[in-house]
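Colleague: I'm new to reading protein models, and I'd like some help. Could we go through one together, feature by feature?

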Amino acid sequence: MSDKGEVRRARYAVAAVFAVHGAVTGSFATRVPWVQDHASLSAGRLGFALAFTALGASCAMPVAGRISHRFGSRAALRGLLALWTLSLILPSLAPNLPTLCLAMFTYGACAGMSDVAMNALGVEVERRLGKSIMSGLHGMWSAGALTGSAAGTLAAHLGADARTHFLLASAVLTVLGLLACSWVLDLQPTEDEEPPPRFALPPRSALLIGMIGFCAVFAEGASLDWSAVFLRDRLDSSAALAAASTTGFMLTMAAARIAGDAVVNRFGAVRTVRAGGVLAVLGGLLVVVAGQPAVAMGGFALMGLGIAVVVPLCFAAAGHAGPNPSQAIAGVATITYTSGLVAPSLIGGVAQATSLVVSFGVVTALACGLAVCAGVLRSAERGPAREVSPRAAAAPGQRP
């Protein structure tokens, strides 16, 4: 098969990997109430346990590059993705708070390492194709999350034990993930290449890019966790209509990500994110001034549309910004995971002290940062088409 054909095949394979990764998240999210009841936890203790997911991811992501150097990109992704799909079983086995914290830490660590490995491969495929594909890959993640969520909703509706549900889902997703990994690019270390450090702070470029991702993920986390509450408590909506607002936000984000590559290829990363920032600000303003459920739902949909492609472009920019893509991607991922952890609790704290309207005023203010600071993503705009040396293009210790 020609090199071009191999890269096209690798693109579809890594897209399937993204979908499998998302399906694990979607499967777990629908059964959190079961996990809470099984471990006999209050809402506060459950929130404490769930925080260990981000903690585990943040601790483990920096070592993903070293694992890829040691085993090669294909074998590393195969192993890390299998650990992620199998870790889905752990939360359902936890009978109390300490064991659930340990399970969520492991679950998060596996999620973070596989996340970095698959994004690094996605950036390399994008570089070889010479056009933007990262938005579409993250769209496949969203599609996988929706699929896993739908299956989990059905399992919950049927009253299935989450241990059985997670065991079956884990088995199916592990097989699908292993099959998909058979076709991804196999980047191997050179003989004279030094292995990356076991742990390294993210480079300065990743910090700047990560702050853009922080703003986007903050808006995403706030909307996912609080949009239904906003409609119910602020606008006296029915439970069904409030839930529909969250579903609509997720669908808008998934559709925008899948279609986003065409927009990025046409207008570039910087202009796309600036336009998205404007849409997100308009959406936030609609939420803040909403007096009717339809207005607020439109505002949340606009926010989803505006922030959808930001995180994929942040990963792409990190991967193209310097000689250590995996390290930079891990740095950006750590910052965005932190945002996802902070957002829901901060929104709740501000709402407790003032109101949910003020909380989404904060979200809107952060969304302004997308439009103002989009220029730091210029490396993603140039990255896919530029010529770079194999050492600079590959993840630490890897070559094309």
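Modeller: Sure, and let's start with empty space: the largest pocket holds about 2100 Å³ of it. Keep in mind that this is a predicted model.

Colleague: How does one find empty space in a pile of atoms?

Modeller: The general idea is to roll a probe the size of a water molecule over the atoms, which shows where empty space is left. In this case, 50 residues line the largest pocket. If you want to find its centre on screen, look for T25, A29, L224, D225 and G340, which lie nearest to it.

Colleague: Which helix gives the largest share of the lining of the largest pocket?

Modeller: That's helix α10, residues 204-235, with 8 residues in the lining.

Colleague: And how do the lining residues divide into nonpolar, polar and charged?

Modeller: There are 30 nonpolar, 16 polar and 4 charged residues in that lining.

Colleague: OK, next topic. How many salt bridges does the structure hold?

Modeller: It holds 5. The thing to look for is a side-chain nitrogen of Lys or Arg within 4 Å of a carboxyl oxygen of Asp or Glu. Try E124 and R128: their side chains meet in a salt bridge, with 2.8 Å from N to O.

Colleague: Why are E124 and R128 separated by about one helical turn?

Modeller: Because they are 4 residues apart in helix α7, which covers residues 97-129. There's a third partner as well: E124, R127 and R128 are linked in a network of salt bridges.

Colleague: Is E124 buried or exposed?

Modeller: A residue counts as buried under 20% relative accessible area and as exposed over 50%, with partly exposed in between. E124 has 2%, so it is buried. R128 has 30%, so that one counts as partly exposed.

Colleague: Which parts does the salt bridge between E220 and R257 tie together?

Modeller: First the distance: the closest N and O atoms of E220 and R257 are 4.0 Å apart. E220 lies in helix α10 and R257 in helix α11 (residues 239-267), so the pair ties together parts that are 37 residues apart in sequence. Both E220 and R257 are buried.

Colleague: What about the salt bridge of R232 and D233?

Modeller: Their side chains meet at 2.8 Å, N to O. R232 is partly exposed, with a relative accessible area of 47%, and D233 is partly exposed too, at 45%.

Colleague: Now the backbone. Which residues other than glycine have a positive phi?

Modeller: Two to look at are S40, with phi near 55°, and D236, with phi of about 55°. S40 is found in the loop between α2 (32-39) and α3 (43-60), while D236 lies in the loop between α10 and α11.

Colleague: Are S40 and D236 buried or exposed?

Modeller: S40 counts as exposed because its relative accessibility is 64%. D236 is exposed as well, with a relative accessible area of 68%.

Colleague: One last thing: which residues make the nonpolar surface patch?

Modeller: V172, V175, L176 and L179 make it, and the patch is about 360 Å². To find it, go to helix α9, residues 162-181, where L176 lies. L176 has a relative accessible area of 42%, so it is partly exposed.

Terms used:
Residues numbered from 1 in each chain as written. Predicted model: local features only at pLDDT ≥ 70, side-chain atom pairs only at ≥ 80, totals over all residues. Heavy atoms only, no water. Patch = residues over 30% accessible without salt bridge, like charges linked within 9 Å, V, L, I, M, F, W, Y side chains within 5 Å. Areas by Shrake-Rupley, 256 points an atom, 1.4 Å probe, with all protein chains shown as cover. Helix = DSSP H or I, 4+ residues; strand = E, 2+ residues; numbered from the N terminus. Buried < 20%, exposed > 50% of the residue type's maximum accessible area, 1.4 Å probe, protein only. 1 Å grid on protein atoms, 1.4 Å probe; cavity = no way out; pocket = protein on both sides within 12 Å on 5 of 7 lines; lining within 4 Å. Points joined across faces, edges and corners; volume = space filled by probe spheres on them. Nonpolar A, V, L, I, M, F, W, Y, C, P; charged D, E, K, R; others polar.
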